[in-house]
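Biologist: Could you walk me through the aromatic side chains in this one?
Modeller: Gladly, let me bring it up.
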Amino acid sequence: MAAGLWAMLVWRPTSEPLRLALDPWPSEELLWLAKERGLFAAEGLDVQVVEMQSAADSHIAFERGHVDLMVATCAELVGPNDRALRAVLALDASFGADVVLARNGIADVAALKGRRVAYEPGSLAAHHLLRALESAGLGWNDVTAVPMALVSSNEAFAKGEFDAVVTYPPWSVELVKAGGVHPIFDSSRIPNEIVDLVVTDATVLKRIPDLPARLRRVWGKAQLLLSDDAALAAMAARERMSASEFHAVLGDGIRLVPAGEQVD
């Protein structure tokens with residue numbers, strides 16, 4: 001009886017739902033799966049998933065106080081923000097999934113000089129493009145970098161309106177499958193620079209001080225579900241990929257951070 005009462009006190013549900021912004025990116029699907037499979041609820045966390053179209057949209061929603069948690073890279077956390085940001089979980093490191101795609105005939109990054117490149121502002125894309133240009137001895141002014149919303153930039157590139165685009169799965173998978181394009185730079189060239197984090201603010205942590213520990217346990221259990229064929233198929237479908245494509249991206253282009261490697 002005493003043990004049961006103690007468990008109820010420790011794992012009582014949070015008083016208000018935690019609004020979690022998720023946008024298309026393979027590892028974020030594990031957080032969606034955690035919600036669907038009741039993993040957050042098992043930790044006493046009432047999580048409401050808020051679907052976004054892109055990382056930039058998630059950031060805007062977070063800055064305006066419309067969500068309590070978002071996924072962001074380290075590069076995206078550098079900049080003006082009225083809310084005191086706190087990283088509470090490391091999801092992954094990108095080791096090739098983030099790419100600069102160019103049209104066939106553009107052999108490498110150096111060949112982008114003087115050409116039009118689409119990228120999403122307010123996201124990791126500007127940093128990724130700059131690092132790509134630096135790898136070929138180029139700078140920002142050596143290309144015509146056109147800021148555009150992520151979905152629009154990928155659609156415009158597919159229509160031939162740009163010579164290259166900064167992108168990532170699921171859009172990069174769709175573009176390569178359509179043909180006529182190829183990667184000229186990817187995040188394997190800048191290892192450990194693109195790390196995805198779940199971020200919140202001090203207000204949320206004051207309300208739930210042990211949130212990072214709870215999220216680590218959720219994350220560890222969610223990763224175990226990668227061996228579940230039904231779970232894998234459901235996540236892949238949300239990312240507009242086949243199960244094999246989804247598994248390949250997670251296996252080759254993204255390194256998930258195990259729960260045991262999280263840093264307080």
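Modeller: What follows is a short talk about aromatic rings and the charges over them, and please keep in mind that this is a predicted model.

Biologist: How many aromatic pairs does the structure hold?
Modeller: The structure holds three aromatic pairs, and one of them is formed by W25 and Y168, which meet edge-to-face at 5.5 Å centre to centre with 85° between the planes.

Biologist: Which parts of the chain does that pair link?
Modeller: Distant ones, as the two residues are 143 residues apart: W25 belongs to the loop between β1 (18-22) and α2 (29-36), while Y168 belongs to the loop between β8 (164-167) and α7 (171-178).

Biologist: And what does Y168 form with W171?
Modeller: Y168 and W171 form an aromatic pair that is also edge-to-face, with 5.7 Å from centre to centre and 85° between the planes, and W25, Y168 and W171 together make up one aromatic cluster.

Biologist: Is Y168 buried or exposed?
Modeller: Y168 counts as buried because its relative accessible area is 12%, which is under the 20% cut-off; W171 is buried as well, at 8% relative accessibility, and W25 is likewise buried.

Biologist: Changing topic, which charged end sits over the ring of W171?
Modeller: That is the charged end of R240, which sits 5.4 Å from the centre of the W171 ring.

Biologist: What lies over the face of F157?
Modeller: There you find R103, placed over the face of F157 at 4.3 Å from the ring centre.

Notes:
Residues numbered from 1 in each chain as written. Predicted model: local features only at pLDDT ≥ 70, side-chain atom pairs only at ≥ 80, totals over all residues. Heavy atoms only, no water. Phe/Tyr/Trp six-rings, centres within 6.5 Å; stacked < 30°, edge-to-face > 60°. Helix = DSSP H or I, 4+ residues; strand = E, 2+ residues; numbered from the N terminus. Buried < 20%, exposed > 50% of the residue type's maximum accessible area, 1.4 Å probe, protein only. Lys NZ or Arg CZ within 6 Å of the ring centre and 35° of its normal.
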